[in-house]
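Student: Give me a close look at one part of this model, the strand pairing. Take it partner by partner, then move outward to the surroundings.

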Amino acid sequence: MTQILQCVPNISEGRRLDVVEKIVDQIRQTEGVQLLDYSSDHDHNRTVITYVGDLEGVQEASFRLTKEAVRLINMEEHQGAHPRIGAVDVIPFIPIEGVTMKECAEAATKLAERINKELQVPTYLYGEAATTAERKNLSNIRKGNYEGLKVSIQEKQRHPDFGKPKMHPSAGATVCGARMPLVAFNVNLGTNKKEVADEIARSVRERNGGFKNVKGMGVVLEERGQVQVSMNLENYQTTPIYRVLEAIRREAARYGVPVAGTELIGLVPQQALLDVANWYLQLEDFNSNQVLENRLRTL
């Protein structure tokens, strides 16, 4: 059976594109791995990379990527709108075909141990690889960001899963884990008032009583003169894209603010977009085989 594991590392560099290319090249040069996509954001100062392969290949590519990022990124000089704790902020393993979530969690654990042993970067485990219930949630590990964790890592409850309770002097810390596919979806607003984005993010995210499996925050897009509601939809089936977008439209209207546009970061499951089309077009008796490309695959 073909084994397909997806990996979507987030690195703390989105402005020095020459550095991004050197890091992404580590994926291109790893046998048994296929680079699918990467995108950099200046305001977030972050790059999201997507590749697939078998368990062995993805683990090796992820280690090589981390090694190069540790060499090239200095967190003491990093500034960006997105939460982060290290040069390689997070490395999620995602089962696609012929691989179980348990195998992904075990692979993430092996990678985390290797990163600490060979690169001296303290590592944490999250999602289905988490060692405690609290650490299933990535935001709990990221609490305080890089600057805060430099101090709080010494507290017993914040000790890394691998390594001493001390940040790498330039690369910070890294989180490895296993999870199901998520949709990174951002909504840009026609205003520069961050407090509006903050309030709307608060209204839709789960921890403040909003939608289940939704994380969100307000972000300033300085280059555009706008603000953004930046989100992770961790289960697009229980909370689809269109439901969150329409809620944001309504909330924004309360402030007299329009939705200026939306963004998908990285790759997205086809069904998540078909659900959006189905809902907005009010299609009757629609099924995915009505998509030409899908029908051709069945021939």
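Tutor: Start with the rule: two strands pair if DSSP finds at least two bridges between them. Keep in mind that this is a predicted model.

Take strand S3 (residues 33-41) and strand S4 (residues 46-53) together. They run antiparallel and are joined by eight bridges. Find Tyr 38, then look across to S4: Ile 49 stands opposite. The two strands form a hairpin with four residues between them. Within this hairpin, look at Asn 45, which takes a positive phi near 50°.

S4 has another partner. Three bridges join S4 to S1, and these two strands also run antiparallel. Leu 5 marks the place, with Gly 53 as its bridge partner in S4.

Now turn to S5. Strand S1 (residues 4-7) pairs with strand S5 (residues 88-97), antiparallel again, over four bridges. Leu 5 returns here, standing opposite Pro 95 in S5. Leu 5 therefore has a partner in each of two strands that meet the two-bridge rule with S1: Gly 53 in S4 and Pro 95 in S5.

Move along the chain to Asn 10, in strand S2 (residues 10-11). Is Asn 10 buried or exposed? Asn 10 has a relative accessible area of 13%, so it falls under the 20% cut-off and is buried. Its side chain has polar partners. A polar side-chain atom of Asn 10 lies 3.1 Å from the backbone oxygen of Val 8. The Asn 10 side chain also makes a polar contact with the side chain of Arg 46, again at 3.1 Å. The contacts of Asn 10 lead back to the strands above. Arg 46, Thr 47 and Val 48 are among them, and these residues belong to S4. Val 88, Asp 89 and Val 90 are touched too, and they belong to S5. Ala 87 is also on the list.

Next, a parallel pair. S6 and strand S7 (residues 174-178) pair in the parallel sense over five bridges. Leu 125 has Cys 176 as its bridge partner in S7. Strand S6 (residues 123-127) is mostly covered, with five of its five residues buried.

Strand S11 (residues 259-265) holds Gly 261. Gly 261 has a relative accessible area of 23%, so it is partly exposed rather than under the 20% cut-off. It touches Asn 186, Val 187 and Asn 188. Gly 261 and Val 187 sit 74 residues apart in sequence, yet their C-alpha atoms are 6.1 Å apart.

Val 187 also links to a helix: Leu 245 touches Val 187, along with Phe 185, Thr 262 and Tyr 280. Leu 245 lies in helix H7 (residues 241-254). At 8% relative accessibility, Leu 245 counts as buried because the value is under 20%. Compare Gly 225: it is 20 residues from Leu 245 along the chain, and their C-alpha atoms are separated by 21 Å.

Finish at the surface. Leu 292 lies in helix H9 (residues 292-297). Its relative accessible area of 55% is over 50%, so Leu 292 is exposed. Together with Leu 296 and Leu 299, Leu 292 makes a nonpolar surface patch of about 360 Å².

Note on methods. Residues numbered from 1 in each chain as written. Predicted model: local features only at pLDDT ≥ 70, side-chain atom pairs only at ≥ 80, totals over all residues. Heavy atoms only, no water. Buried < 20%, exposed > 50% of the residue type's maximum accessible area, 1.4 Å probe, protein only. Contact = heavy atoms within 4.5 Å. Patch = residues over 30% accessible without salt bridge, like charges linked within 9 Å, V, L, I, M, F, W, Y side chains within 5 Å. Areas by Shrake-Rupley, 256 points an atom, 1.4 Å probe, with all protein chains shown as cover. Salt bridge = Lys/Arg side-chain N within 4 Å of Asp/Glu carboxyl O. Polar contact = N/O pair within 3.5 Å; in protein donor to acceptor, adjacent residues only side chain to side chain. Lists of a residue's contacts leave out its neighbours within four places in sequence.
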